[in-house]
Amino acid sequence: MTLTLLVDPTVCPDREPGLQPWTPGHSEAHHVTIGYGRKVILTSSATVHSIEILNGGKLVIADSYRPILLRTKHILIGNRGQLHIGSPDCPYKGNLTISLFGRSDDTDTEHSYFGRKYIGVGTGGTLEIHGEKKLSWTFLNKTLHPGESEDNSYLFERGWGNRGIIVHVIDPKTGEVLHNDRFDTYRSKEESRRLAQYVDVVDNGMILAMMVNDEGSNNLEDSGILKPILYYTLRPQASISIVHLSNSTVLELAEPAEGWGPGDRLVLASTDYSMHQAEEFTILPCPACGPTQVKVQGECPVFLHMGEEVDGVDMRAEVGLLSRNILVRGEMEPGCYGNEACKFFAFDTFGGHVKVERGFKSVHVSGVELQHMGQQSMGHYPVHFHMNGDVDQKGGYDPPTSVSDLSIHHTFSRCVTVHGSNGLLVKDVVGYDALGHCFFTEDGPEERNTFDHCLGLMIRAGTLLPSDRDSKMCRDITQGAFPGYVANPRQDCSATSTFWIANPNNNLINCAAAGSEETGFWFLFHHVPTGASEGMYSPGRSEHTPMGQFTNNRAHSNYRAGMILDNGVKTTQANDKDKRPFLSLVGARYGPHQDADPFKPLDGGKDGGTFPDDDGSRQEVKNSLFVGESENRGMPIPDNRIWGPGGPDLNGRTLPRGVDFPIRGMQIYDGPINVQNCTFRKYIALDGRHTSAFGFRLNNSWQSCPNNNVTDITFDDITSRVFFGEPGPWFNKMQMDGDKTTIFHDVDGSVSEYPGAFLVKEDNWLLRHPDCIDVPDWRAAICSGHYAQIYIQTRNPASLNMQMVKDEYPDRPLTLEGALGKKKHYQQFQPVVTLGKGYTVHWDQAAPAEITVWLINFNRNDWINVGLCYPPGTTFTIISDIHNRLTKQTRKTGVFMRTTQRDKINQSHLSRGYYYWEEDTGLLFLRVKAHNEKEDFAFCSVKGCERVKITAVIPKGSGPSDCMTQAYPLHAEMPIVDVPMPRKLPSAKLVRTALSLLVTSGTVNGRKLYQPDDGVQLTVMDGHDGTLVESKGFRNSILQGVPAQIESYVNNLTDQ
């Protein structure tokens, strides 16, 4: 005989032997300490002042069928203390609420580390909370229209015949069609009598729906049978909807709603530009619903919520569950009181918080709802891991530390904060309606943390950091700024983000940033670690750290941007030289390298990037789809200032900024940038609104790199492939340096139809030649050539403007004001130049005493000749050197000797060059030439940046150094095309046998054509004999300023 004993290995925490019942009752003055090995179980609701668990003490919450409410000011889990609510294998099934009460101005002493109103896990403490497993969030799988509720719809089709009345009898309780018929009351009075008999036998209370198909009154009106009925003429199809007055709506979800039940609350994300179109609903019982359906309370949604793929883009709204069976909440006062936050918020912002201290023993939290948590003060957030170091196996935690299946909503300071902690798993977390950055990494050293399937939406501005603040907060909060400093909100602040990632080496997988006041995902850089993490890595390490995994994430309904990989924070306190507050936004550039070592290229990559801040890398966008104005039109709302015409049909829709905001698919800025195998769809320009697939950063003072490459581009339903800008709304005066020097390389001709061509701004004559092709609609020219850049750095003075002239076009100077502010101690001008040409440079003040010319994107033996204007009597010292941007070391390589023969400047060598001082014209001539090889995407040579430094002794009292009238026409040259223009692609649709001419009025082959209306007249001629084929006019009222109809007309012309 064999006896087999089956033992369940899962032991629920509240079934553990030896637990002592604990019923503390209700007293807000009762201080509770559970210690010295005492293990207790709470079986009923209680109110106490505070609970401290330490020295081996253990508190377990019983999984009771009766709801339990535990009210306390705080729970402190100290050394060897434990709090258990369920377990991973035995999740808590009852309903538990932990309610943290108290005010910020309470008289009792607050904890020096945890503060007030908290659940705190100290050194050696254990916190295990595990609620029921529920689907955290999913997608809406059927579009929900505003005003739409549960209904059945039926179509009346033309298939019923030519004329007559179509009738449906419908049960009002079920919406079922019981019977239908057609009566040809147009032809036959008998049919009219049959209709009357039909109506008479319909049961009382049924719905009788009638629709006239074309015509039905010929014999009906004389009979007097149905005179009270209102008739409609049936179009190809008409519909009737039977709406149940049930005050409910059924949502179709993308996956089964595991764990969702009646009474649970959920949030439906906005699918428009504004995050404020998110809506909350309560789930109702629905026996008839399938696994992927939920019925929610509410007669109808207020806003449109997409539930489908639109124009190739998954635009489904996220649906997040807010309710859990374990609730941790802060008890709130009815209004704001007693702190600086009341200047900005009318409600109480002193919520509860959960904080974990370094050296904890174990923390795992799942299946919990956190409501009214966080405080508008530093260090008090709904979930806060503070200076914990490694919290995974690397730090000895097995299983690794995690928070999962959480709902964090209506909070007052962030959602999940990871501060000085590494290896944390944050999974299936919904963060909704929060103040300040939601998923937040704080000081810069946080690495290897994983945010997996997290959703954040309705993320509003908060007061804590400059980057949290909106414009009003930025101006009004002066703490930390140097006295007298006036903040620039869009520069210093205004960066509220759903995911704020301060170190690239973190993982974001399957996450959604579904609405913030500024940005969805923002990767930024602390040049040195800040706050409590000071000294944890060497300067610049975060800017060079390779990114962790960033996979299958999505962003929408964010005001500024879906994702930014840029900028840093100020890591020094305010002083008289830099008056901005600590942690204000500053410029930074990301250049990942192996082991975060700037001397080790990443995966054999080439050095390059944005000079001088970035030590490497280029930006690439590949295999991507850009959609300008999709079929998701949004919806008009009261006082909506961004509703207007748009899209291919010019119908009303929501717009991203204003009705004249220039929508652009890819905004080219700085560089080098590589755009490859991308499709641009539905970029439709309007009269007064420039829209294009490619555009450039608005109001740009910085450079544009000639190594910005685009290739294999497809356009689908667009009116303008690229637009370089013109003075007007949003573009302003187009007088900033970056506005004037824009350029990119059309490698395969998929944009311009000229393979290998460059697209340049139409009025930049430093880059043009006689064969360039003007494209007026683009404000561009298609050119060929070898292009590079020079950086001209000036000192003493720095606040001056520069004119640069190409000798081939002396009447077309380019005026630059400098990329840096006029108050800087030096200035930098960054023109793009055609190689192998001559130029002169002039100033609106006396020439600078110090000029450094940097050779950027020059390959070996590339050169230009430059004549710089100086006052008579100036003397010069000129050297060449190489500057290593990584080591910050500079090595002198040669000197320039004066020559009396101008042609000798062309005999430049590495160690010796020549300059020619033409005092009659005031021009100092020299050749700047690269002597070292350069890797593909590098700005400088393999040995460093080659430079020419000119130190001038300028006579005192000299006037502006403008030598234009002396220089030209003396040094003018005949324009020469060094690089022939490429042949146009033979497949281009615009190359046709028939010749199209756009005219307003005039004569064609001796025949006058007049335009009867305002607009555009299109004339088609036979390309063989010049005879007129046809002429067609397009009125402005039809065109809306856009030649889309013209393009369609031309494309449909047949070759003769």
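Which residue in E25 is the bridge partner of Leu266? I looked it up at the start: the partner is Leu321. The model I am reading is a predicted one.

**Entry: the sheet around E20 and E25**

I then took the two strands as a pair. Strand E20 covers residues 265-268 and strand E25 covers residues 318-321. Three bridges join them, in the antiparallel sense.

I traced the sheet outward from there. I found six strands in an open sheet, in the order E13-E25-E20-E21-E22-E19. The pairing is antiparallel. Which strands stand at the edges? They are E13 (137-139) and E19 (248-252). Each has a single partner strand, so one side of each is left without a neighbour in the sheet. I also checked the twist: neighbouring strands here are turned by 35° against each other on average, direction ignored.

**Entry: whole-chain numbers**

I noted the totals next. The chain has 1056 residues, and 54% of them count as buried. I count nine helices against 73 strands. For contacts between residues at least 6 apart in sequence, 70% join residues at least 24 apart. The accessible surface is about 45,800 Å². Carbon and sulfur atoms account for 49% of that surface.

**Entry: salt bridges**

The structure holds 47 salt bridges. Side chains of opposite charge can pair when their charged atoms come close. I looked at three pairs and one network.

The first pair I opened was Arg193 with Glu190, at 3.3 Å from N to O. Both residues sit in helix H1 (residues 189-200). They are three residues apart, about one turn of the helix. Are they buried or exposed? Arg193 has a relative accessible area of 45%, so I put it down as partly exposed. Glu190 is partly exposed as well, at 46%.

Next I opened Asp314 and Arg316. Their side chains meet in a salt bridge at 2.9 Å, N to O. Asp314 is partly exposed at 32% relative accessibility. Arg316 has a relative accessible area of 18%, and buried means under 20%, so Arg316 counts as buried.

Then came Asp390 and Arg448. The closest N and O atoms of this salt bridge are 2.6 Å apart. What does the pair link? It links distant parts of the chain, 58 residues apart. Asp390 is in strand E29 (residues 383-390). Arg448 is in the loop between strand E33 (439-441) and strand E34 (450-452). I have Asp390 as partly exposed at 23%. Arg448 is also partly exposed, at 26%.

Last, the network. Salt bridges link Lys73, Asp106, Asp108, Glu110 and Arg116.

**Entry: nonpolar cores**

How many residues has the largest nonpolar core? I read 61. Ile51, Leu59, Leu127, Phe451 and Phe499 have the most contacts inside it. Strand E28 (residues 362-371) supplies the largest share of this core, four residues.

Apart from this core lies another, of 45 residues. Its members include Cys783, Ala788, Leu855 and Ile878.

I went back to Ile51 for its surroundings. Setting aside residues up to four places away in sequence, I find it touching Trp22, Val32, Ile34, Leu59, Leu70, Thr72, His74, Ile75 and Leu76.

**Entry: Thr47**

Thr47 is in strand E4 (residues 46-47). Is Thr47 buried or exposed? At 7% relative accessibility, Thr47 is buried. What is it in contact with, leaving aside neighbours within four places in sequence? I list Gly25, His26, Ser27, Glu28, Arg71 and Phe101.

**Entry: strand E52**

I finished on E52 (residues 743-746). In a regular strand the side chains alternate between the two faces of the sheet. Both faces of E52 are covered. Ile743 and His745 lie on one side, Phe744 and Asp746 on the other, and all are buried.

Which strands pair with E52? Strand E51 (residues 709-718) runs parallel to E52, joined by two bridges. In that pairing, Val710 stands opposite Asp746. Strand E53 (residues 757-761) pairs with E52 in the antiparallel sense, over four bridges. There, His745 stands opposite Phe758.

Note on methods: Residues numbered from 1 in each chain as written. Predicted model: local features only at pLDDT ≥ 70, side-chain atom pairs only at ≥ 80, totals over all residues. Heavy atoms only, no water. Pairing = 2+ DSSP bridges. Axes fitted to C-alpha atoms, helices over the stretch in contact; angles between N-to-C directions. Buried < 20%, exposed > 50% of the residue type's maximum accessible area, 1.4 Å probe, protein only. Contact = heavy atoms within 4.5 Å. Areas by Shrake-Rupley, 256 points an atom, 1.4 Å probe, with all protein chains shown as cover. Salt bridge = Lys/Arg side-chain N within 4 Å of Asp/Glu carboxyl O. Core = buried A, V, L, I, M, F, W, Y, C linked by side-chain atoms within 4.5 Å.
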